[in-house]
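Hello,

Here is the structure I promised to pass on to you. Please have a look at it first, and then read the notes below at your own pace.

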Amino acid sequence: MVHSAPSPRSGGGIVSVLAVAGIVGSLMQTLVVPLIGQLPRLLHAAPADTSWVITVTLLVGAVATPVIGKLGDLYGKRTMMLVCSVPLVAGSVVCALSGSLIPMITGRGLQGLGVGMIPLGVSALRDLLPPQRVGPAIALMSSSMGIGGALGLPISAAVAEYADWRVLFWGAAALSVLVGVLIWLLVPATPAAARGRLDLVGAFGLGAALVCLLLGVSKGGDWGWSSGTTLGLLGGAVLLALLWALWELRVRDPLVDLRTTARPQVLLTNLASILVGFAMYAQSLVLMQILQLPAALGYGLGQSMLAAGLWMAPSGLMMMAVSSLGARLSAARGPKTSLFVGALVIAAGYGAALGLMGWSWGLMIAGCIGSAGVGLAYGAMPALIMGAVPRSETASANSFNTLMRSIGTSVCAAVIGVVLAQLTVTVGGHTLPSEAGFRTALMIGCGVAVVAALVTLTLPKPVAAAAPALAATSVPTTVPTPAPAAGPAPASAEALGPWEDAFRSHDLAPEGRHHPRPVQPEETGVLSLEERDELLWLRRENAELRRELDVLMQNVGVWLRNLADDKPAG
């Protein structure tokens, strides 16, 4: 059945609903931050144990995200978004009713399952919107995730200070119900884009590797980085990751198609995502601490949790404000340019923070600059990923990219934690991070952002895409193909028989002119839009492969001629 995109009028409602889902999903990550100091008293547990209230959400979300993405490709993204809203509501209710540690950890773990709806929503935009609206919508939804993180902190702090802490979770439950209802009413069904079944072995293998990695990274500071437990977990993560990769390369329906992930555009985008995630989180960790440290230290600004959250709230709004700018930049120069500029802007934010550490308004400006860069970068990443993978893998590929960002933030927390723990001062019997520690952390964040920009420069140049133009119209479409060469066809081409056209280059002819060939009736009258997009995508991939093979054969020919020329005369 042909799936038609909704009308532009309905598209605005779809984007708004998915943006709200992104805000609610990211809100869960900062929901309990103001309660960290009170959790041992509220839950009657030791501080080391109550830290699991935050850690478990990270672990469950990281493990569940790629699995939920694959299920979205298999059974429909809207269906899985609705499924994800159920544990989000249930987890919030469990936390609101909790009076001890185990129920609270259980509820926070259920909330982690709901995080998977964010990459599903980003991927669904490609199925639900006209092609000309996909880029701006992706940028808007990606930036909306920063709104939840930025606004969640002051809202949570205000509720924790002036109301009962359980109100936080009842409010989260209400917002989660609202998101589920809006998705049910306003988001059209998305067709299943992939075939096959869920790779359960791959899911358990990836989950075990991620648990070992993230647990070792997040708890290494408490357990000791040289302890047997930490080293065992990190070593186990490497071993499990290798075994998992071997399995994924052999199984018929892999959880993550590593061959697709290994394509330069996908691989380098994921690497840049790790670095941008690191750079984003480093700024949040450092600026919030400087704002709240006592002013008597000489470098602290003496702000309360609520005031510090309010100073940082404009940074989340900045991410939303730059989304349209990022979409226009991506449309004009490509998402690679947006990612590159975003990484440089993040680095500039760190530079501003180094120079404006002594003023609350200065850190607010630095945070806005850095968040503007994050908005540009996060808006470009899904576009780069979806431009390099087939439609049947968009949800799983975006979920894997989201996982890469989570790994970046987790590694950042560990690295910055080590830096601030090593560079300290002792005041009144309390050990606190020193000004040198904060400046070192800011320079590390700046350096990582610069490295992310350099990685972006290595992304391959995008291949001209004809698929969006095809999807936007129903009239017969032409795709460029080279003119037939003079003389008889080579024997290798004749041997291809009916496969000759699939491997024929569809770029400019040698003399630089387009030679359009109408799409055949069987390609327009029977195939759906998705199948036609897939056909054109395969042709572009085959054309790229053909060009690479031509270059290889030319190099081989040059080498053979040189070898013959260098042969000594007999």
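Before the notes on the inside of the protein, one term: a cavity here is a set of grid points where a 1.4 Å probe fits but cannot get out, and its lining residues are those with an atom within 4 Å of a point. Please also keep in mind that this is a predicted model.

With that in hand, what lines the largest cavity? Its lining is made up of 13 residues, and Val256, Asp257, Thr261, Ser396 and Ala397 are the ones that lie nearest the centre. Three elements give two or more residues each to this lining: helix 12 (258–261), helix 13 (264–292) and helix 18 (394–422). Helix 18 gives the most, with three residues. Sorted by kind, the lining has seven nonpolar residues, four polar ones and two charged ones. The space inside the largest cavity is about 100 Å³, and the count of cavities of 30 Å³ or more comes to three.

Now a step back to the whole chain. You will find 23 helices and four strands in it. Of its 570 residues, 48% are buried. Among contacts with a separation of 6 or more, 79% are between residues 24 or more positions apart.

Thr260 is a good residue to look at next, and you will find it in helix 12. Is Thr260 buried or exposed? Its relative accessibility is 6%, so Thr260 counts as buried, the cut-off for buried being under 20%. Setting aside neighbours within four places in sequence, Thr260 is in contact with Val266, Val389 and Glu393.

Further along the chain there is a hairpin. Strand 1 (residues 424–427) and strand 2 (residues 430–433) run antiparallel and are joined by four bridges. If you would like one pair to find on screen, Thr426 has Thr431 in strand 2 as its bridge partner. Two residues lie between the strands, and Gly428 in the turn has a positive phi of about 60°.

Then comes helix 19, where there are two things to show you. How many salt bridges does the structure hold? The count is one, and it is formed by Glu435 with Arg439, whose closest N and O atoms are 3.3 Å apart. In general, side chains of opposite charge can pair when their charged atoms come close. Both Glu435 and Arg439 lie in helix 19 (residues 435–457), and they are four residues apart, about one turn of the helix. Glu435 has a relative accessibility of 31%, so it counts as partly exposed. Arg439 counts as partly exposed too, because its relative accessibility is 30%.

The other thing to see in helix 19 is Ala453. This residue has a relative accessible area of 1% and is therefore buried. Not counting residues up to four places away in sequence, Ala453 touches Phe340, Ala343 and Leu344. You could also compare its place with that of Thr337: Ala453 and Thr337 are 116 residues apart in sequence, while their C-alpha atoms are 9.7 Å apart in space.

If you want somewhere to begin, try the largest cavity, starting from Ser396 and Ala397, which are among the residues nearest its centre. After that, the salt bridge between Glu435 and Arg439 makes a good second stop.

Happy viewing, and all the best!

Terms used. Residues are numbered from 1 along each chain as its sequence is written. This is a predicted model: local features need pLDDT of at least 70, side-chain atom pairs count only at pLDDT 80 or more; totals for chains, interfaces and linings use all residues. Side-chain values use heavy atoms; hydrogens and water are left out. On a 1 Å grid over the protein atoms alone, a cavity is a set of points where a 1.4 Å probe fits but cannot get out, and a pocket is an open set with protein on both sides within 12 Å along at least five of seven lines; lining residues have an atom within 4 Å of a point. Grid points are joined across faces, edges and corners, and a volume is the space filled by probe spheres set on the points. Ala, Val, Leu, Ile, Met, Phe, Trp, Tyr, Cys and Pro count as nonpolar, Asp, Glu, Lys and Arg as charged, and the others, Gly among them, as polar. A salt bridge is a side-chain nitrogen of Lys or Arg within 4 Å of a carboxyl oxygen of Asp or Glu. Buried means under 20% relative accessible area, exposed over 50%, partly exposed in between (1.4 Å probe, protein chains only). Two strands pair if DSSP finds at least two bridges between them. Contact means heavy atoms within 4.5 Å.
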